[in-house]
Amino acid sequence: YQVGMPIYGGNSGGALFDKNGALIGIIKARHNDTETTSYAIKARNAMNLIDILGSEAGLSKENKLAGLPLTEQTKIIKNFIFQVNVYK
């Protein structure tokens, strides 16, 4: 997907959700010539890999964010967001 939002260093691999809390993409990259044009891999491409892994992946198919206000979605999601620091 091409999305119109700023992506910064370290955001690659982050989740892209729709307004209902459904995962629709995974942040991939930002266009070098603009700060607000970014790209995400479609979630269904990642889901194909998870299907290949089968039950070993241990993921729920239930959307526990659907119907919740954004503030509540954020409270739930923040437990699954991690910062990875790379030192050179």
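Two strands count as paired if DSSP finds at least two bridges between them. The exercises below apply this to a predicted model.

**Exercise 1. Place the elements of the protein along the chain and describe the sheet.**

Step 1. The protein has two helices and four strands. Read from the N terminus, the elements run β-β-β-β-α-α.

Step 2. The strands make an open sheet in the order S1-S4-S3-S2, and the pairing is antiparallel.

Step 3. Strand S1 (2-3) and S2 stand at the edges, each with a single partner strand, so one side of each has no neighbour in the sheet.

**Exercise 2. Determine how S3 is joined to S2 and to S4, and name bridge partners.**

Step 1. S2 and S3 run antiparallel and are joined by three bridges. At least two bridges are needed for a pair.

Step 2. Ala 15 has Ile 26 as its bridge partner in S3, and Phe 17 has Leu 23 as its bridge partner in S3.

Step 3. S3 and S4 also run antiparallel, with five bridges between them. Gly 25 has Lys 42 as its bridge partner in S4.

Step 4. The hairpin of S2 and S3 has five residues between the strands, and Gly 21 there takes a positive phi near 85 degrees.

**Exercise 3. Describe the surroundings of Ala 22 and classify its exposure.**

Step 1. Ala 22 sits in the loop between strand S2 (15-17) and strand S3 (23-30).

Step 2. The relative accessible area of Ala 22 is 24%. Buried requires under 20% and exposed over 50%, so Ala 22 is classed as partly exposed.

Step 3. With neighbours within four places in sequence set aside, Ala 22 is in contact with Leu 16, Phe 17 and Asn 63.

Step 4. Ala 22 and Ala 43 are separated by 21 residues in sequence, and their C-alpha atoms are 9.6 Å apart.

**Exercise 4. Is Ser 38 buried or exposed, and which residues is Ser 38 in contact with?**

Step 1. Ser 38 belongs to strand S4 (residues 38-42).

Step 2. The relative accessibility of Ser 38 is 0%. The limit for buried is under 20%, so Ser 38 counts as buried.

Step 3. Leaving out neighbours within four places in sequence, the contacts of Ser 38 are Tyr 1, Gln 2, Val 3, Met 5, Pro 6, Ile 7, Ala 29 and Arg 30.

Step 4. For Met 5 a further detail is available: the side chain of Ser 38 reaches the backbone oxygen of Met 5 at 2.8 Å.

**Exercise 5. Identify the residues of the nonpolar surface patch and give their accessible area.**

Step 1. The patch is formed by Leu 49, Ile 52 and Leu 53.

Step 2. Together these residues have about 320 Å² of accessible area.

Step 3. Leu 49 is located in helix H1 (residues 43-53).

**Exercise 6. State how much of the protein is buried, what its surface is made of, and how far apart its contacting residues lie in sequence.**

Step 1. The protein has 88 residues, of which 15% count as buried.

Step 2. About 7200 Å² of the protein is exposed, and 55% of this comes from carbon and sulfur atoms.

Step 3. Of the contacts with a separation of 6 or more, 38% are between residues 24 or more positions apart.

Definitions and conventions: Residues numbered from 1 in each chain as written. Predicted model: local features only at pLDDT ≥ 70, side-chain atom pairs only at ≥ 80, totals over all residues. Heavy atoms only, no water. Buried < 20%, exposed > 50% of the residue type's maximum accessible area, 1.4 Å probe, protein only. Contact = heavy atoms within 4.5 Å. Patch = residues over 30% accessible without salt bridge, like charges linked within 9 Å, V, L, I, M, F, W, Y side chains within 5 Å. Areas by Shrake-Rupley, 256 points an atom, 1.4 Å probe, with all protein chains shown as cover. Salt bridge = Lys/Arg side-chain N within 4 Å of Asp/Glu carboxyl O. Polar contact = N/O pair within 3.5 Å; in protein donor to acceptor, adjacent residues only side chain to side chain.
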